[in-house]
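Colleague: I have just opened this structure and would like to learn how to read it. Could you walk me through it, feature by feature?

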Amino acid sequence: MMLKTLMMMALVAVAQAPSDPHLPPKVVDSIAPTLPAGLPRGVLIVSKTNGWRHFEHIPHSNAVLADIAKGLHHPSFTTENAAVFNDDQLSRFSVVVLNSASGDFLSPEQQAAFARFVARGGGVVALHAAGDNSHKAPWYVETIIGTTFTGHPNGEDHIQPARMEIVQPRHPIMAGVKTPWTPRDEWYSFDSNPATRGMTILAQVDEASYRPGETLRMGAAHPVMWINPRSKGRVFYSALGHEPQLYDDPNYRRILTNAVRWAAGK
């Protein structure tokens with residue numbers, strides 16, 4: 001009897017234990033949100049997470065991204081409802097910002113609508129966890145990421161300052177970035193250089209300036225920002241963005257502003 005009581009108490013304790021906010025339940029949205037009026041050439045900011053949730057930065061970075069859109073005279077709409085990925089609603093936006101959107105958060109139908117959006121010239125700004133390995137859909141991996149995330153330093157080395165190297169200083173997204181620049185971040189590594197799959201590298205991190213760990217070294221070329229010139233739409237990815245403070249960094253805010261402007265076709 002005592003053993004049975006202890007087992008019941010253990011089950012109750014487990015049931016009452018708080019869930020990890022980094023790992024919310026996976027949800028496939030089916031009912032599209034109601035969009036406000038007046039969104040011509042709008043910016044859609046999506047922070048849907050069916051994988052790891054960066055709850056530390058998402059509220060602040062969403063606000064910064066909305067402010068950037070406002071400064072560029074684009075209306076914006078922020079949502080975590082992936083059912084907005086339908087032909088009718090996507091037609092009201094010129095840019096989709098995937099703000100650490102993780103996991104396969106789109107249904108096959110929603111991904112097909114997203115692919116059509118990009119194919120007709122829609123812009124994409126994908127940030128941080130939007131490029132991690134929780135994304136498995138082949139079109140998304142090929143078009144948005146172009147490589148496979150392998151990890152980042154952990155423990156005491158989780159967040160480190162590191163020296164950024166601007167590879168394409170004349171590209172519009174890199175305009176006005178001041179160097180030297182040593183932001184603090186969770187430095188992503190990848191299994192291959194996305195340039196080998198047709199991406200154009202805009203910036204990389206100098207591995208000699210931080211401690212990546214032997215299994216996460218990529219060598220002299222360690223890309224962290226790139227574009228996909230093979231797509232009809234303008235697609236940009238940045239691996240930076242783990243901490244909320246980075247979105248207030250003048251250089252990173254300038255890059256995000258340039259990226260939204262560029263993705264919109266201006």
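**Reading the model, step by step**

Modeller: Gladly, and let us begin with a single helix: in α5, the buried residues are Tyr140, Val141, Thr143, Ile144 and Ile145. Keep in mind throughout that this is a predicted model.

Colleague: Which elements do the buried residues of α5 pack against?

Modeller: They pack against β3 (93-99), α4, β4, β11 (223-228) and β12 (235-238). Just after the helix comes Gly146, with a positive phi of about 80°.

Colleague: You mentioned α4 as a partner. How should I read a pair of helices?

Modeller: Two packed helices are described by the angle between their axes and the distance between the axes. Here, the axes of helix α4 (residues 108-119) and helix α5 (residues 138-145) come within 11 Å and cross at roughly 30°. An angle under 35 degrees counts as roughly parallel, so α4 is roughly parallel to α5. The crossing of these two, α4 and α5, is left-handed.

Colleague: Which residues of α4 and α5 meet?

Modeller: From α4 there are Gln111, Phe114, Ala115 and Val118, and they meet Trp139, Tyr140 and Thr143 of α5. Sorted by class, this contact of α4 with α5 has 5 nonpolar residues, 2 polar ones and no charged ones.

Colleague: Let me try another pair. At what angle do the axes of α2 and α6 cross?

Modeller: They cross at roughly 55°, and the axes come within 10 Å. The helices α2 and α6 are therefore oblique to each other. Their crossing is right-handed. On the α2 side the contact is made by Val64, Leu65, Asp67 and Ile68, and on the α6 side by Arg253, Leu256, Thr257 and Val260. The residues in the contact of α2 with α6 divide into 5 nonpolar, 1 polar and 2 charged.

Colleague: Val64 is on that list. Is Val64 buried or exposed?

Modeller: Residues under 20% relative accessible area count as buried, and Val64 has 4%, so it is buried. Val64 sits in helix α2 (residues 58-71). Leaving out residues up to four places away in sequence, Val64 touches Tyr247, Asp248 and Arg253.

Colleague: Where do the buried nonpolar residues gather?

Modeller: In soluble globular proteins, nonpolar side chains tend to be buried together. In this model the largest nonpolar core has 74 residues, and those with the most contacts inside it are Phe85, Leu98, Phe114, Met225, Phe236 and Tyr252. Helix α6 (residues 250-263) gives the largest share of this core, 7 residues.

Colleague: What does Phe236 touch?

Modeller: Not counting residues up to four places away in sequence, Phe236 touches Val124, Val125, Ala126, Ile173, Leu202, Met225, Trp226, Ile227, Ile255, Ala259 and Trp262.

Colleague: And what about a polar residue, such as Asn99? How accessible is Asn99?

Modeller: Asn99 has a relative accessible area of 0%, so it counts as buried. Asn99 lies in strand β3. Apart from neighbours within four places in sequence, Asn99 is in contact with Val46, Ser47, His57, Ile58, Ser61, Asn62, Leu65, Leu127 and Tyr247.

Colleague: How can I see that residues far along the chain meet in space?

Modeller: Compare the separation in sequence with the separation in space. Gly122 and Val235 are 113 residues apart along the chain, and their C-alpha atoms are separated by 8.5 Å. Gly122 is in the loop between α4 and β4 (123-127), and it is buried, with a relative accessible area of 6%. Setting aside residues up to four places away in sequence, Gly122 touches Ser94, Phe117, Gly233 and Arg234.

Colleague: Last topic: the backbone. Which residues other than glycine should I look at for a positive phi?

Modeller: Look at His73, with phi near 65°, and His128, with a positive phi of about 50°. His73 lies in the loop between α2 and β2 (76-79) and counts as exposed, at 74% relative accessibility. His128 is in the loop between β4 and α5 and counts as buried, at 0% relative accessibility.

Colleague: Where is there a cis peptide bond?

Modeller: The bond from Thr179 to Pro180 is cis, with omega near 0°. You will find Pro180 in the loop between β7 (164-166) and β8 (184-185).

How values were computed:
Residues numbered from 1 in each chain as written. Predicted model: local features only at pLDDT ≥ 70, side-chain atom pairs only at ≥ 80, totals over all residues. Heavy atoms only, no water. Core = buried A, V, L, I, M, F, W, Y, C linked by side-chain atoms within 4.5 Å. Buried < 20%, exposed > 50% of the residue type's maximum accessible area, 1.4 Å probe, protein only. Helix = DSSP H or I, 4+ residues; strand = E, 2+ residues; numbered from the N terminus. Contact = heavy atoms within 4.5 Å. Axes fitted to C-alpha atoms, helices over the stretch in contact; angles between N-to-C directions. Parallel < 35°, antiparallel > 145°, perpendicular 65-115°, else oblique. Left-handed = near helix turned anticlockwise from the far one by under 90°. Nonpolar A, V, L, I, M, F, W, Y, C, P; charged D, E, K, R; others polar.
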